[in-house]
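Please open the model in your viewer and keep the selection tool at hand. The tour goes from one selection to the next, and each stop says what to look for there.

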Amino acid sequence: MSHEELWEMLEKHQGELFYTVKGLPFRYTVKGGELFVDRREKSITRSTIVKAYERICESPEEITGPKKLNAFGAPYIWAIFRQLGIFPGMTDSCKNG
């Protein structure tokens, strides 16, 4: 999946209910190149999300949870990727991008 396709997918699913690993519910909205989670005051930038995606693509066996992403907003990025089916199975989506 290309970075553009990833971002389009995130835009398509904004407003849906997601859950962190700890079971905390959240929703997000996309404004420009930023993702705003309703549980945080700061946004998660598109570049942060792309870097997390690339990290998983590069070392899927090493990235076993949100802390391993080593990125701002990792619990939310992880939850979104997991619930949208981007991860697990990440290696298949990485082959195209």
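Before the first stop, one term is needed: two strands count as paired if DSSP finds at least two bridges between them. With that in mind, and remembering that this is a predicted model, select β4 together with β5, which form a hairpin with five residues between them. Three bridges join these two strands, and they run antiparallel; within this pairing, Leu35 has Ile44 of β5 as its bridge partner.

Now add β3 to the selection, and an open sheet of three strands appears, in the order β3-β4-β5 and with antiparallel pairing. Because β3 (28-31) and β5 (43-45) each have a single partner strand, they stand at the edges, and one side of each is left without a neighbour in the sheet. If you look from one strand to the next, the twist averages 30 degrees.

Stay with β3 and β4 (residues 34-37), whose antiparallel pairing extends over four bridges. Along this pair you can find Tyr28 with its bridge partner Val37 in β4, and Val30, which stands opposite Leu35. The hairpin of β3 and β4 has two residues between the strands, and in it Gly32 takes a positive phi near 65 degrees.

Next, show the side chains of β4. Which of them are buried? Leu35 and Val37 point to one face and are buried, while Glu34 and Phe36 point to the other face and are not.

The helices can be added to this picture one at a time, beginning with α1 (residues 3-12), which lies across β3 and β4 and runs at about 125 degrees to β3. Helix α2 (residues 46-58) also packs on the sheet, where it touches β4 and β5, and its direction makes about 60 degrees with that of β5.

Returning to α1, select Leu6, Trp7 and Leu10, which are the buried residues of this helix. Seen down the axis of α1, they fall within an arc of 95 degrees, so they line one face of the helix. The general reason is that an α-helix has 3.6 residues a turn, so residues three or four places apart point the same way. What do the buried residues of α1 pack against? Their partners are β3, β4, α2 and α4 (74-83).

For the next stop, turn to the largest pocket, which has a volume of about 200 Å³. To see its lining, select Thr20, Val21, Lys22, Leu24, Pro66, Lys67, Ala74, Pro75 and Tyr76. Two elements, α3 (66-69) and α4, give two or more residues to this lining, and the largest share, three residues, comes from α4.

The last selection is one of these lining residues, Thr20, which you will find in the loop between β1 (18-19) and β2 (25-26). Is Thr20 buried or exposed? Its relative accessible area is 7%, and since buried means under 20%, Thr20 counts as buried. Leaving aside residues up to four places away in sequence, Thr20 touches Phe26, Pro75, Tyr76, Ala79 and Arg82, and among these contacts Pro75 and Tyr76 also belong to the lining of the largest pocket.

Technical notes:
Residues numbered from 1 in each chain as written. Predicted model: local features only at pLDDT ≥ 70, side-chain atom pairs only at ≥ 80, totals over all residues. Heavy atoms only, no water. Axes fitted to C-alpha atoms, helices over the stretch in contact; angles between N-to-C directions. Contact = heavy atoms within 4.5 Å. Buried < 20%, exposed > 50% of the residue type's maximum accessible area, 1.4 Å probe, protein only. Arc of directions from axis to C-beta. 1 Å grid on protein atoms, 1.4 Å probe; cavity = no way out; pocket = protein on both sides within 12 Å on 5 of 7 lines; lining within 4 Å. Points joined across faces, edges and corners; volume = space filled by probe spheres on them.
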